[in-house]
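Here are my notes on this structure, as numbered points. Please read them with the model open beside you.

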Amino acid sequence: MKKFLIVGLGNIGSEYVNTRHNIGFKILDYLANKEEVSFQTAKLGDIAEIKIKGRSLLLLKPNTYMNLSGKAVKYWMEKENIEKDNILIITDDLNLSFGTIRIKSKGSDGGHNGLKNIQLLLNTSEYPRFRFGISDAFKKGQQVNYVLGEWTDEEKDKLKERLEIASEIIKSFALAGLSNTMNLFNGK
């Protein structure tokens with residue numbers, strides 16, 4: 001059975017649950033709920049497994065806090081013997097307008113500390129990532145408050161539809177591959 005590691009980045013703790021920075025956790029929670037699987041606490045994170053058409057998708061929500069996400073990613077890749085081409089890192093992106101999706105096979109960390117740590121520990125910037133736009137609608141000097149702030153009512157209204165698309169992206173990545181998924185979903 002072909003294995004995939006789907007990593008949603010976020011911070012643990014109830015104070016972070018509905019923050020923009022936790023969109024990776026929120027997407028995985030949505031997919032797990034939809035597929036009727038639940039997360040179990042394991043080493044360095046919470047894990048759930050979905051099986052789809054001969055593929056096993058390990059959903060990982062690292063409990064290392066955002067800035068040390070690479071530790072959990074590296075551990076689970078090695079433990080489950082998953083190649084870097086079969087991992088998908090889901091993260092928030094300030095440089096994209098709200099709900100915009102960008103899927104790439106490689107790239108810079110874009111100033112994102114979670115991606116920076118993953119890149120450091122995997123010793124490469126060549127791994128699939130799925131960036132979810134949270135926009136940059138904050139005043140100068142307010143970036144941290146914005147990222148760790150909760151969704152506006154307008155964003156919450158649109159989030160359900162975006163979460164559904166995000167769950168389809170994850171399945172497509174495992175079933176149709178990265179290139180097809182990029183062609184199908186980038187810019188949606």
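1. Start with a pair of neighbours in this predicted model. Glutamate 161 and arginine 162 form a salt bridge, and their closest N and O atoms are 3.4 Å apart. Glutamate 161 is partly exposed, at a relative accessible area of 45%. Arginine 162 is buried, with a value of 10%, because buried here means under 20% relative accessible area.

2. Salt bridges can also share partners. Lys3, Lys79 and Glu80 are joined in this way into one network. In total, the structure holds 14 salt bridges.

3. Which side chain does arginine 20 meet in a salt bridge? The partner is glutamate 155, at 3.2 Å from N to O. Arginine 20 lies in the loop between strand E1 (2-8) and helix H1 (23-34), while glutamate 155 belongs to helix H5, so this salt bridge ties together parts that are 135 residues apart in sequence. Arginine 20 is buried, with a relative accessible area of 5%. Glutamate 155 is buried as well, with a relative accessible area of 9%.

4. Aspartate 29 and lysine 61 make another salt bridge through their side chains, at 2.6 Å from N to O. Aspartate 29 sits in helix H1 and lysine 61 in strand E4 (residues 55-62), so the parts tied together here are 32 residues apart in sequence. Are these two residues buried or exposed? Aspartate 29 counts as partly exposed, at 34% relative accessibility, whereas lysine 61 counts as buried, at 11%.

5. Now turn to the nonpolar residues. In soluble globular proteins, nonpolar side chains tend to be buried together. The largest nonpolar core in this model has 36 residues. Those with the most contacts inside this core are Ile6, Ile27, Leu57, Leu59, Phe130, Phe132 and Ile170. Helix H5 (residues 153-176) gives the most to this core, contributing eight residues.

6. Phenylalanine 130 deserves a separate look. Leaving out residues up to four places away in sequence, what does phenylalanine 130 touch? Its contacts include the isoleucines Ile27, Ile89, Ile90, Ile101, Ile103 and Ile169. Leu88 and Ala166 are also among the residues touched by phenylalanine 130, as are Thr91 and Arg102.

7. A second core is separate from the one above and has 19 residues. Among them are Leu58, Leu60, Ile87 and Tyr127. When you go through the model, find Leu57 and Leu59 in the largest core, then Leu58 and Leu60 in the second.

Methods: Residues numbered from 1 in each chain as written. Predicted model: local features only at pLDDT ≥ 70, side-chain atom pairs only at ≥ 80, totals over all residues. Heavy atoms only, no water. Core = buried A, V, L, I, M, F, W, Y, C linked by side-chain atoms within 4.5 Å. Buried < 20%, exposed > 50% of the residue type's maximum accessible area, 1.4 Å probe, protein only. Helix = DSSP H or I, 4+ residues; strand = E, 2+ residues; numbered from the N terminus. Contact = heavy atoms within 4.5 Å. Salt bridge = Lys/Arg side-chain N within 4 Å of Asp/Glu carboxyl O.
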